[in-house]
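Trainee: I've got the model open and I'd like to quiz you on the labels. Can we go through them one at a time?

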Amino acid sequence: MSSLFLDQTYLFTPGPTPIPNQVNAAMARPMIGHRSPDFSVLIEDVATRLQPVFGTKHPVMILTSSGTSALEAAVVNTVHEGDHAIVIVAGSFGDRLATIAENYGATVHRLNIEWGKSCSPEQLEAFIDSLAGTPIKAVFGTFNETSTGVLNPIHALGKVVKEKTDALFLVDGVSCIGAVPVDMEKDNIDLLVTSSQKALMLPPGLAFVAFSDKGLKAIRECPERRFYLDLKRYVDTYEKQKSTPFTPAVSLIQGAQAVCDMIEEEGWVNVIKRHLLLRDMIRAGVRELGLPLLTSEADASPTVTAVKPEGISAPDIQKALKKDFSITIAGGQKDLKGKIFRIGHMGYCTPFDVLKVLSALELTLAKFGQTPRFGAAVKKAEEVWVQHV
Ligand SMILES: *Cc1c(COP(=O)(O)O)cnc(C)c1O
């Protein structure tokens, strides 16, 4: 049953994600120098056309490095040794943010949330209250916790940060920016970061940093000048020369231009709606097969879905999908290792792609001895799809 054709492989991981042909073609364009007028036109085009996707009034800065570098940049440009920071930890990526801040000497107050659940505004409010009298420099949050498939209520959390503190609100948007609506001023987000290989339909290699007025002020006034991750350098070089301080991954930025074309062709509002549809289709299908979902409806992510099978091993399902159908999905991380599997459905993913995964799941469960439910998940998902059309 394994795939007959080597190029018929299906990538459903929550990063990296499949690359559209249009983007691959753009990345194959001739090389241009990063100090050339051609590059200035390119980067200004990309930095400004990405603004609606990040919900920012400012051009989006582009770093050549993975998403974690943008998390680190968010830390080093705002928090200094001895500063107090709150980090919302609802999964492994929140944990990573806290570790970065700790490594730079910040006093980190971890708001631990049960894995698989979102952080409610009430929980954040109570946590801030419990730290009354402590000067909080920054609150860090994960918009979409990729390890559990939870979308946090970022607008409500930003509101709490604003009402209760003078702190900066710094958000890891890595696995949802490009798929969900966001407005940095209204949501009170000061720095919002992502990387290329998630919902932005690009290969790994770029990190993006967007800021609010308050975030820009913090970057400009940061007393310690870092080097590669010094965001002021990126802002200054962009403003003065429409370039980047160091040699960027030019080809990926050419690809990013094609991504902007694609988002505009589909329409940003439709991109957002498509991701909600993908979420609803996956959940309906998985539920129909009797497989428990890790998250509640209210917390469910539009870009990644975690499934916690009972009486059948999650890693075995993952292996069978790979072996029999050339479908790659992800497993669990840290505490959830071996207990869940995760299906990424972001970026270059259509409702029809979801039907392929669900169909493969039906066949796999039958292979593992469950009463066959051929077509059941696909049918449910199609019913959801039809309602959206
Ligand atoms: C993928 C991911 C990252 C890490 O990005 P890298 O590009 O691997 O450094 C950070 N945060 C979240 C939420 C992610 O999903």
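Mentor: Sure, and let's begin with overall size: the radius of gyration is taken over C-alpha atoms, and the globule rule is 2.2 Å times the number of residues to the power 0.38. Keep in mind that this is a predicted model.

Trainee: How do you know that the chain agrees with a compact globule?

Mentor: Put the count into the rule: for 389 residues it gives a radius of gyration near 21 Å, and the chain has 21 Å, so the two agree. Along its principal axes, the C-alpha trace spans about 65 × 55 × 35 Å.

Trainee: What is the make-up of the chain in helices and strands?

Mentor: There are 14 helices and 14 strands. As for contacts, take those between residues at least 6 apart in sequence: 72% of them join residues at least 24 apart.

Trainee: And how much of the chain is buried?

Mentor: Buried residues account for 59% of the 389. The accessible surface comes to about 15,700 Å², with 55% of that belonging to carbon and sulfur atoms. On the charge side, the mean positions of the 40 positive and 43 negative charges are 3 Å apart.

Trainee: Where does the "Aminotransferase class V" label come from?

Mentor: From UniProt, where an unreviewed entry places that domain at residues 10-334. Over residues 10-334 the chain is 42% helix and 16% strand, and the end C-alpha atoms sit 25 Å apart.

Trainee: What makes Lys 198 a residue to look at?

Mentor: UniProt lists Lys 198, in an unreviewed entry, as "modified residue: N6-(pyridoxal phosphate)lysine". In the model, Lys 198 is in the loop between strand E9 (191-195) and strand E10 (206-211).

Trainee: Is Lys 198 buried or exposed, and why?

Mentor: Buried means under 20% relative accessible area. Lys 198 has 8%, so Lys 198 is buried. Leaving out residues up to four places away in sequence, Lys 198 touches Pro 14, Gly 15, Thr 17, Val 174, Ser 175 and Met 346.

Trainee: Gly 15 takes part in a peptide bond with Pro 16, so what kind of bond is that?

Mentor: A cis one, with omega about -5°. Pro 16 is in the loop between strand E1 (10-11) and H1.

Trainee: Why is Arg 342 called buried?

Mentor: Its relative accessible area is 5%, which is under the 20% cut-off, so Arg 342 counts as buried. UniProt lists Arg 342 for "binding site", again in an unreviewed entry. Arg 342 belongs to strand E14 (residues 341-344). Beyond its neighbours within four places in sequence, Arg 342 is in contact with a set of residues including Phe 12, Pro 14, Thr 146, Ser 147 and Gln 333.

Trainee: Why is His 34 put in the buried class?

Mentor: His 34 has a relative accessible area of 18%, and the class runs under 20%, so His 34 is buried. His 34 lies in the loop between helix H1 (21-27) and helix H2 (37-49). Among the residues His 34 touches are Phe 39, Ser 243, Phe 246 and Pro 248.

Trainee: And why is Lys 242 called partly exposed?

Mentor: Lys 242 has 21%; partly exposed lies between the 20% and 50% limits, so that label applies. Lys 242 is in the loop between helix H9 (231-241) and helix H10 (250-266).

Trainee: What about the phi of Lys 242?

Mentor: Phi is positive, about 45°, although Lys 242 is not a glycine. Asn 188 is another case: phi is near 60°, a positive value in a residue other than glycine. Asn 188 lies in the loop between strand E8 (168-172) and E9. With a relative accessible area of 10%, under the 20% limit, Asn 188 is therefore buried.

Trainee: One more: what makes Leu 363 partly exposed?

Mentor: A relative accessible area of 33%, which falls between 20% and 50%, so Leu 363 is partly exposed. Leu 363 has its place in helix H13 (residues 351-367). Setting aside neighbours within four places in sequence, Leu 363 is in contact with Phe 325 and Phe 374. The C-alpha atoms of Leu 363 and Asp 324 are 9.6 Å apart, with their positions 39 residues apart along the chain.

Key:
Residues numbered from 1 in each chain as written. Predicted model: local features only at pLDDT ≥ 70, side-chain atom pairs only at ≥ 80, totals over all residues. Heavy atoms only, no water. Helix = DSSP H or I, 4+ residues; strand = E, 2+ residues; numbered from the N terminus. Buried < 20%, exposed > 50% of the residue type's maximum accessible area, 1.4 Å probe, protein only. Contact = heavy atoms within 4.5 Å. Areas by Shrake-Rupley, 256 points an atom, 1.4 Å probe, with all protein chains shown as cover. Lys, Arg positive; Asp, Glu negative; His and termini not counted. Charge placed at Lys NZ, Arg CZ, Asp CG, Glu CD. UniProt positions renumbered as here; feature names shortened; annotations may be inferred.
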